[in-house]
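Colleague: Could you take me through one part of this model in close detail? I would like to look at the largest pocket and at what surrounds it.

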Amino acid sequence: VIAELEASFVHLHQAMGLTTDANLGEAVKFFGQDFTRHRAMLATVTHLHEHLGQFIAYARGNGVTPPWSR
């Protein structure tokens with residue numbers, strides 16, 4: 001699971017690295033839908049926070065306090 005998570009972040013960083021100020025408005029397919037690069041990046045970043053919340057809830061439910069909460 002950790003290896004897959006790390007690989008996904010490498011892929012995400014590479015994809016976001018292709019985005020420049022000049023091509024932010026370029027149309028891309030994002031999960032089969034038409035997005036601009038800008039919208040896809042914003043959706044990705046905000047969605048990551050949803051997963052962070054899930055990790056926090058899972059950790060706390062298992063008696064683990066996230067390090068930044070101490």
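Modeller: Happy to! One definition to begin with: two residues are in contact when they have heavy atoms within 4.5 Å of each other. Please keep in mind throughout that this is a predicted model.

Let me set the scene before we go to the pocket. The protein has 2 helices and 2 strands, and from the N terminus on they follow the order α-β-β-α. The radius of gyration is 16 Å, well over the 11 Å that the globule rule gives for 70 residues, so the protein is more spread out than a compact globule. Along the principal axes, the C-alpha atoms fill a box of roughly 45 × 25 × 20 Å. Buried residues make up 14% of the 70 residues. Among contacts with a separation of 6 or more, 18% join residues 24 or more positions apart. The accessible surface comes to about 5,700 Å², and carbon and sulfur atoms account for 64% of that area.

Now to the part you asked about. The volume of the largest pocket is about 630 Å³. Its lining consists of 23 residues, and those closest to the centre are L12, M16, F30, A40 and T44. Three elements each supply at least two lining residues: α1 (2–17), β1 (27–30) and α2 (37–61). The largest share comes from α2, with 10 residues. By character, the lining divides into 15 nonpolar, 6 polar and 2 charged residues.

T44 is a good residue to zoom in on, as one of those closest to the pocket centre. T44 sits in helix α2. Its relative accessible area is 14%, which is under the 20% cut-off, so T44 counts as buried. Apart from residues up to four places away in sequence, T44 touches L12, M16 and F30. These three partners also appear among the residues closest to the centre of the pocket.

Helix α2 holds another residue that deserves a look, R37. With a relative accessibility of 16%, R37 is also classed as buried. Setting aside residues up to four places away in sequence, R37 touches A15, L18, T19, N23, L24, E26 and V28.

One of those partners, L18, lies in the loop between α1 and β1. L18 has a relative accessible area of 57%, so it is exposed, whereas its partner R37 is buried. Beyond its neighbours within four places in sequence, L18 is in contact with N23 and R37. Along the chain, L18 and R37 are 19 residues apart, and their C-alpha atoms are separated by 9.6 Å.

Finally, a backbone detail for your inspection list. F31 belongs to the loop between β1 and β2 (33–36). Most residues other than glycine have a negative phi. F31 is not a glycine, yet its phi is positive, at about 55°. The relative accessible area of F31 is 77%, so this residue is exposed.

To pull the thread together: α2 gives the pocket lining its largest share of residues, and T44 of that helix is in contact with L12, M16 and F30. R37, also found in α2, touches L18, a residue of the loop between α1 and β1.

Definitions and conventions
Residues numbered from 1 in each chain as written. Predicted model: local features only at pLDDT ≥ 70, side-chain atom pairs only at ≥ 80, totals over all residues. Heavy atoms only, no water. 1 Å grid on protein atoms, 1.4 Å probe; cavity = no way out; pocket = protein on both sides within 12 Å on 5 of 7 lines; lining within 4 Å. Points joined across faces, edges and corners; volume = space filled by probe spheres on them. Helix = DSSP H or I, 4+ residues; strand = E, 2+ residues; numbered from the N terminus. Nonpolar A, V, L, I, M, F, W, Y, C, P; charged D, E, K, R; others polar. Rg over C-alpha atoms; globule rule 2.2 N^0.38 Å. Buried < 20%, exposed > 50% of the residue type's maximum accessible area, 1.4 Å probe, protein only. Areas by Shrake-Rupley, 256 points an atom, 1.4 Å probe, with all protein chains shown as cover.
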